[in-house]
Amino acid sequence: MPSVVNGIGTWYYGKRRIHRHKSTCSFCQRVGELESYDTTLYFVIFMIPLIPLSRKRIHEQCPACKRHKVMSLKKWEAQKEKALAAVLEKPDDRDMNVAAIGVAIAYQDQALFDRLAPTVASDHAHDVAIQAQIGAGYSYFARWPEAEAAYRASLALDDQPEIRRRLGWALLKQHKPEEATPFFRHILEQKLKDEAGTIFVLIQAYQAEGLHTEALELMDERDTAFPELAHLKEYQKQRQTSKRYQSSGKKVKSPILSESKQVGYQEGGWRAGIPKFIGPLVVLGLLIWYLAAAFHMGKARQVFLVNGLDKPYTALINGREQNLQPRATRSIELPEGEIEIRFANLPLAPVQCRIETPFFSRPFTSRTFVVNPDQLAILIWQQTAYSETPQPGQGRFKFHLGELLYSFEGINYAFQPFPDSVPIKSGQTITKTRIDLAPRLNSVVRLNLATANLDPARQIEYGKRWLEVNPEDQMALYWLLLQLGDDAGLEYLKTGLSARPLRVEWHRAYQHLNELRHPENDLRPEYRRLLEETKGDANALYLLARLEDFEDYDRLLR
Ligand SMILES: [Zn+2]
């Protein structure tokens, strides 16, 4: 029998070539409409048939206890084919005809039965046994009028008590108790105690038509024939029922005779075919949902914006203003693709980056995107282990800096601290990762981290960028000049000479390197012009004084 646990397991879906007849369940002995049918055993999830496993023939499934016999449909068909091939070899042989009808009944094949029965019946119109068998076949398919006709034909040839009983039964099924009664009368006359049960049902048939007076008369006859049974509880109850409804004529349904509309044979129609589409439909539905999710996620990708500076600034991300507080993080949603960043109040050039995840694996990718417009943030990637008895030294960390866009895999905590504890199973150790901004660092530490984590070209880039934002940082300036060397340093310093207010330290370094590398260059005219341009600015005067001969220097300085 198929079974499911939490909605997952196997189950029968779809019914075809359904045969139903009222009989006694061989497992629980209750009377019910036993159902036989072709079906498909499916692998189900939440009772949804997803994968067809095998086709089955269910035999006489009990409506009460659900128990049944089951056989592979293929095997069942093969057996039937074999049986048929044997009996159809000699179509004119009487015994083979009988056997063929038997196969049609045994395999509940109404179409086959209908093909054989009329011909066989007319070919053997005077064969008592064949007429009786055809009657039994029609009974089995719950076609009571045809069963009645066949039994009558049989009975006309030879009045056998068994056939009388069966004809009576076919009439009872057609709600004709009065017509049926003569065929059961011999039970009372001959006091056939073993068949007293049939009289019990006959009485029920009268009650089912509301004929309680007739039912009571029959009960009297029965109790006279079988006085030893009259005290039975069921018999007493039957009598009470008719007494109660005698005047009203209420019809009391017989649990044995009543049949649902489903008895007999049915092909099973289009509904039986639905289950095989459910699996593909569910898969299609999931696919559409998945693609929609992938599309939607691409339209609204979560991105962490990070300010790596110690001062606030405003960045225009795809034209939208984002105010960023010092060393702060903000989560925004951006469509995947090109991202344009401009700076409203920082002396930095516009930058672009591209956020992209593969479309088809998008719903399953767990990426954390971090955009740092100033490219100066120091990020710490950290991993830690959780276990019952924490071991020291299990954590790992790594610095990330100098990038506009970061993409991290499998981050558990983005810009959040690690929790103190996480639920784990006994003996288990699990690792968690987080990403966060480093605490406030001075430029010396920043530049040391750049030296340790970036290649030389990127180190210089980082230093220049830092100085663009913090031109007054002397430590950073001399660190950068050391990295650049004298000639490149001299060229770099020239880029800052025209800045106003004057960057005194840049000019001092420029004068010093010029003296060192190009002593033939006289900078005095240049600085005289600067003094003139700045209308006697004290710093310009000081810078000029550094270049003059000693007496002039003394005078100017004073
Ligand atoms: Zn049962």
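The domain assignment of the protein comprises four segments of the predicted model: domain 1 (1-87 + 269-295), domain 2 (123-264), domain 3 (300-440) and domain 4 (444-557). Domain 1 is thus given as two stretches of sequence, 1-87 and 269-295. Taken over C-alpha atoms, the centres of domain 2 and domain 4 are separated by 121 Å.

The largest pocket holds about 360 Å³ of space. Because both domain 1 (1-87 + 269-295) and domain 2 (123-264) give residues to its lining, the largest pocket lies between these two domains. The lining consists of 19 residues, and those nearest the centre of the pocket are His21, Lys22, Trp144, Trp169 and Lys173. Two or more lining residues are given by each of strand S2 (8-24), H4, helix H5 (144-157) and helix H6 (161-173). Of the contributing elements, H6 gives the most, with six residues. In chemical character, the lining of the largest pocket divides into nine nonpolar, four polar and six charged residues.

Helix H4 (residues 128-140), which also takes part in the pocket lining, packs with helix H2 (residues 94-106). The axes of H2 and H4 are 10 Å apart and form an angle of about 10 degrees. Since this angle falls under 35 degrees, H2 is roughly parallel to H4. On the H2 side, the contact is made by Arg94, Val98, Ile101, Gly102 and Ile105. These residues meet Ala129, Ile130, Gln133, Ile134, Gly137 and Tyr140 in H4. The residues of the contact of H2 with H4 comprise seven nonpolar, three polar and one charged.

Two features of backbone geometry were identified in loops. Gln108 is placed in the loop between H2 and helix H3 (110-123). Although Gln108 is not a glycine, its phi is positive, at about 50 degrees. The other feature concerns the loop between helix H15 (486-494) and helix H16 (504-517), in which Pro501 lies. Here, Arg500 and Pro501 are joined by a cis peptide bond, with omega at about -5 degrees. Pro501 falls within the bounds of domain 4 (444-557).

Technical notes:
Residues numbered from 1 in each chain as written. Predicted model: local features only at pLDDT ≥ 70, side-chain atom pairs only at ≥ 80, totals over all residues. Heavy atoms only, no water. Axes fitted to C-alpha atoms, helices over the stretch in contact; angles between N-to-C directions. Helix = DSSP H or I, 4+ residues; strand = E, 2+ residues; numbered from the N terminus. Parallel < 35°, antiparallel > 145°, perpendicular 65-115°, else oblique. Contact = heavy atoms within 4.5 Å. Nonpolar A, V, L, I, M, F, W, Y, C, P; charged D, E, K, R; others polar. 1 Å grid on protein atoms, 1.4 Å probe; cavity = no way out; pocket = protein on both sides within 12 Å on 5 of 7 lines; lining within 4 Å. Points joined across faces, edges and corners; volume = space filled by probe spheres on them. Domains from an automatic or database assignment.
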